[in-house]
Amino acid sequence: MTSSAVRPDGHPLRLLCESLQDRLDELSVELTDDIRREIPSYAAMPLAEQRRTVRVRLGYVLRGLALDVEPTAEDLLEVQTASRRRAYYGLPVQDVLATFHLVSRRLWDELRAAARGTAAEDTAIELVAPLWLWVQAMSGVVADVYADEAGARYGREAGLRQRFLELLRTGGAPREHTAEIARELGFDPDGEFQALCTTAAGWAAEGRLGLLQRAAQQVAGKVSCGLSGELMVAITQRGDPADLVTRVIKLGGDDALVGVGLVRPGLAGAEMSISDAERALVVAEQGGRATAFEDAWLRASLVDSRDRLLPLFAEVRRVAGEQPQLAETVLAFADAGLSLAHAADALRIHPNTVAYRLGQWHKLTGTDPRTFDGLLRSVVGITG
């Protein structure tokens with residue numbers, strides 16, 4: 001292939017390529033059908049549009065081979081435009097590149113068949129290298145377009161995820177606006193949501209949040225991760241939170257603590273699940289790794305009320321610190337379903353000793369653990 005001269009009129013290879021240009025309509029239909037049969041993702045693209053682009057591209061490739069010239073800027077701009085359209089329809093880059101190889105293979109078969117019995121029969125092989133150079137040039141344009149599109153799409157989606165999280169946490173935008181963003185991110189605004197959170201420290205560094213978002217694409221359902229103040233929040237739908245927790249701990253480090261909210265319906269439920277997860281995280285920080293609001297709902301619910309409720313538990317906490325044996329007995333009594341015998345078995349003491357200690361607890365704290373209110377206050381005061 002040369003850029004300084006073109007093949008003259010009447011050259012056997014030029015005549016060969018021009019003979020196929022006379023069959024462009026027929027070939028473009030056949031090639032489009034071949035592509036859609038071998039590469040199923042092309043079903044997402046309108047048939048008429050694909051046939052049109054195949055015809056245009058086949059035309060300038062045959063023209064280039066006939067004249068022995070390289071792709072022009074206009075040729076490559078057409079490839080660029082067509083590639084953006086394929087990205088718009090969601091076709092994977094590997095499928096788009098595969099079409100070049102499919103078309104070039106079919107085109108070479110057509111050239112060989114057309115060359116039989118002509119002056120070009122012995123020299124048709126000279127078209128292989130130029131054809132391959134055309135494929136390489138077009139493939140490079142496709143790769144560049146998809147790289148640009150992926151970067152732009154990732155940046156836009158990251159912005160949408162952050163905006164979605166901010167709207168859920170502040171509730172400052174019309175509900176329909178939040179619902180619109182949810183749909184763009186692949187969520188059903190009326191479906192069930194579940195949130196988990198961990199501390200934000202370290203997630204902004206070294207692109208870890210991006211790594212988590214990419215890892216989340218491998219779990220079931222839909223996941224959106226973002227930073228909000230001192231928290232990293234992940235909002236999930238139709239997924240298994242345990243799998244996501246595992247990935248958060250893997251990327252966040254073995255000492256990462258995670259709070260998991262309840263599954264709740266709708267966008268209002270998503271807001272509440274984030275709040276659940278925040279409170280569960282506070283409980284996790286007091287001991288544990290991953291804490292679900294479902295398992296620690298009482299302690300988690302009291303997180304914001306600690307100072308206000310502290311006077312209710314002052315004596316309980318004091319006695320628990322001074323008499324840990326009594327506190328242990330109260331907790332065993334609660335775990336045993338209010339059974340003196342079962343609590344005694346757990347502690348390996350006599351049931352009368354359990355009863356005596358419960359009485360001492362009542363005497364010292366003013367709270368009777370054999371009543372519902374007294375037991376609840378005692379357990380919360382000891383463990384809170």
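Let's start with a pair of helices: helix 1 (residues 12-21) and helix 3 (residues 47-67) pack with their axes 8 Å apart, at an angle of about 165°. Keep in mind as you look around that this is a predicted model. Angles over 145 degrees count as roughly antiparallel, and helix 1 and helix 3 are therefore roughly antiparallel to each other. Their crossing is left-handed. If you would like to see who touches whom, look on the helix 1 side for R14, C17, E18, L20 and Q21, which meet G59, L62, R63, L65, A66 and L67 in helix 3. By character, the residues of this contact divide into 6 nonpolar, 2 polar and 3 charged.

Now move along the chain to a second helix pair. Helix 13 (residues 324-335) and helix 15 (residues 351-365) have axes that come within 9 Å and cross at roughly 115°. That angle makes helix 13 roughly perpendicular to helix 15. Here, too, helix 13 passes helix 15 in a left-handed crossing. The contact brings Q325, L326, A327, T329, V330 and F333 of helix 13 up against V354, R357, L358, Q360, W361 and L364 of helix 15. The residues that take part divide into 8 nonpolar, 3 polar and 1 charged.

Just past helix 15, have a look at T371, which is found in the loop between helix 15 and helix 16 (372-383). Is T371 buried or exposed, or something in between? With a relative accessibility of 37%, T371 counts as partly exposed, because the partly exposed class runs between 20% and 50%. The side chain of T371 reaches the backbone oxygen of D368 at 2.9 Å. T371 can also be placed relative to L338: the two are 33 residues apart in sequence, and their C-alpha atoms are 9.5 Å apart in space.

Another threonine, T198, is worth a visit too. T198 is found in strand 1 (residues 192-199). Its relative accessibility is 3%, so T198 counts as buried; the cut-off for buried is under 20%. What does T198 contact, leaving aside its neighbours within four places in sequence? The answer is W203, E230, L231, M232, V248, L257 and L281. One of these, L257, also has its backbone oxygen 2.5 Å from a polar atom of the T198 side chain.

To look back over the two threonines: T198 is buried, whereas T371 is partly exposed. The side chain of T198 has a polar atom 2.5 Å from the backbone oxygen of L257, and that of T371 reaches the backbone oxygen of D368.

Technical notes
Residues numbered from 1 in each chain as written. Predicted model: local features only at pLDDT ≥ 70, side-chain atom pairs only at ≥ 80, totals over all residues. Heavy atoms only, no water. Helix = DSSP H or I, 4+ residues; strand = E, 2+ residues; numbered from the N terminus. Buried < 20%, exposed > 50% of the residue type's maximum accessible area, 1.4 Å probe, protein only. Polar contact = N/O pair within 3.5 Å; in protein donor to acceptor, adjacent residues only side chain to side chain. Contact = heavy atoms within 4.5 Å. Axes fitted to C-alpha atoms, helices over the stretch in contact; angles between N-to-C directions. Parallel < 35°, antiparallel > 145°, perpendicular 65-115°, else oblique. Left-handed = near helix turned anticlockwise from the far one by under 90°. Nonpolar A, V, L, I, M, F, W, Y, C, P; charged D, E, K, R; others polar.
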